[in-house]
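Please look at the sequence and the model below, and then follow the account through its loops, helices and pockets.

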Amino acid sequence: MPKSPSAALEGKKAPAFELLDADGKTVALKQLIGGNNLVLYFYPKDMTPGCTTQACGFRDNIAPLKKLGAKVVGISGDSTDSHGKFIAKYELNFPLLADPGNKVCKLYGVYKMKSLYGREFMGIERTTFVIDKAGIVRRVFPKVKVNGHTEEVLEALKEIA
């Protein structure tokens, strides 16, 4: 069975990018790594139930994630303004980056055909990448189920720590 485009990145250098954070500052992948492991997660939409559960899971586990030398960063197609509201409402303690044209989502192979109630549309497939300090994608979690996901990510980080 062929690997999905996102899973094919495992073991390869993470594609470089620059995006704006909620404050409108440009953030580059190389700044995010800089001596840290990186949990880079792509999610469909701010303020939706699954995305909120996932973001709060990372928020509530930021201490063990940091202890394993990892930063957490979320990316969606929402605007910087939407990200700012999402961060404020749920007191998120990590940055969210705006990819309104889905350029980075396409680069990471997470922007794909989805289907909901029989309707097909293009959208972001919830996917998490664990990237090591050298910028190598060590683990890809495609089609993430939000419950229990933070624990999976912590286990993956322990394997590379």
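In this predicted model, K143 sits in the loop between β9 and α6, and although K143 is not a glycine, its phi is positive, at about 45 degrees. Its relative accessible area is 59%, and because exposed means over 50%, K143 falls into that class. A second residue that combines a positive phi with a side chain other than that of glycine is N102, where the angle is about 60 degrees. N102 belongs to the loop between β5 (96-98) and α5 (103-107), and with a relative accessible area of 10% it is buried, whereas K143 is exposed.

K143 also takes part in the lining of the largest pocket, together with P44, K114, I124, E125, R126, V144 and K145. About 240 Å³ of space lies in this pocket, and its lining is made up of five charged and three nonpolar residues, with no polar ones.

Beyond the loop that holds K143 comes helix α6, whose twelve residues run from 149 to 160 and reach 17 Å from the first C-alpha to the last, close to the 16 Å expected at 1.5 Å a residue. Which residues of α6 are buried? They are H149, T150, V153, L154, A156, L157 and I160. Seen down the helix axis, the buried residues of α6 fall within an arc of 160 degrees, so they line one face of the helix. The spacing along the chain fits a general rule: an α-helix has 3.6 residues a turn, so residues three or four places apart point the same way. The buried residues of α6 pack against the strands β3 (37-42), β4 (70-76), β8 (127-131) and β9 (137-141), and also against the helices α2 (49-60) and α3 (62-67).

One of these partners, α2, likewise has twelve residues, which at 1.5 Å a residue should span 16 Å, and its end C-alpha atoms are 16 Å apart, which agrees. Its buried residues are C51, T52, Q54, A55, C56, G57 and F58, and they pack against β3, α3, β4, α4 (80-90), β8 and α6.

A loop residue, L68, also meets α6. L68 is found between α3 and β4 and has a relative accessibility of 19%; because buried means under 20%, L68 counts as buried. Once its neighbours within four places in sequence are left aside, L68 is in contact with N37, L154, L157, K158 and A161, and of α6's buried residues, L154 and L157 are among these partners. The C-alpha atoms of L68 and Q31, which are 37 residues apart along the chain, are separated by 18 Å.

The elements on either side of L68, α3 and β4, return in the second largest pocket, where β2 (26-28), α1 (29-33), α3 and β4 each supply at least two residues of the lining. β4 gives the most, with four residues. The pocket has a volume of about 180 Å³ and is lined by 14 residues, of which L32, K71, V72, V73 and P95 lie nearest its centre. By class, this lining has eight nonpolar, three polar and three charged residues, whereas the lining of the largest pocket has no polar residues and five charged ones beside its three nonpolar ones.

Key: Residues are numbered from 1 along each chain as its sequence is written. This is a predicted model: local features need pLDDT of at least 70, side-chain atom pairs count only at pLDDT 80 or more; totals for chains, interfaces and linings use all residues. Side-chain values use heavy atoms; hydrogens and water are left out. The expected span of a helix is 1.5 Å times one less than its number of residues. Buried means under 20% relative accessible area, exposed over 50%, partly exposed in between (1.4 Å probe, protein chains only). The arc is that of the directions from the helix axis to the C-beta atoms. Contact means heavy atoms within 4.5 Å. On a 1 Å grid over the protein atoms alone, a cavity is a set of points where a 1.4 Å probe fits but cannot get out, and a pocket is an open set with protein on both sides within 12 Å along at least five of seven lines; lining residues have an atom within 4 Å of a point. Grid points are joined across faces, edges and corners, and a volume is the space filled by probe spheres set on the points. Ala, Val, Leu, Ile, Met, Phe, Trp, Tyr, Cys and Pro count as nonpolar, Asp, Glu, Lys and Arg as charged, and the others, Gly among them, as polar.
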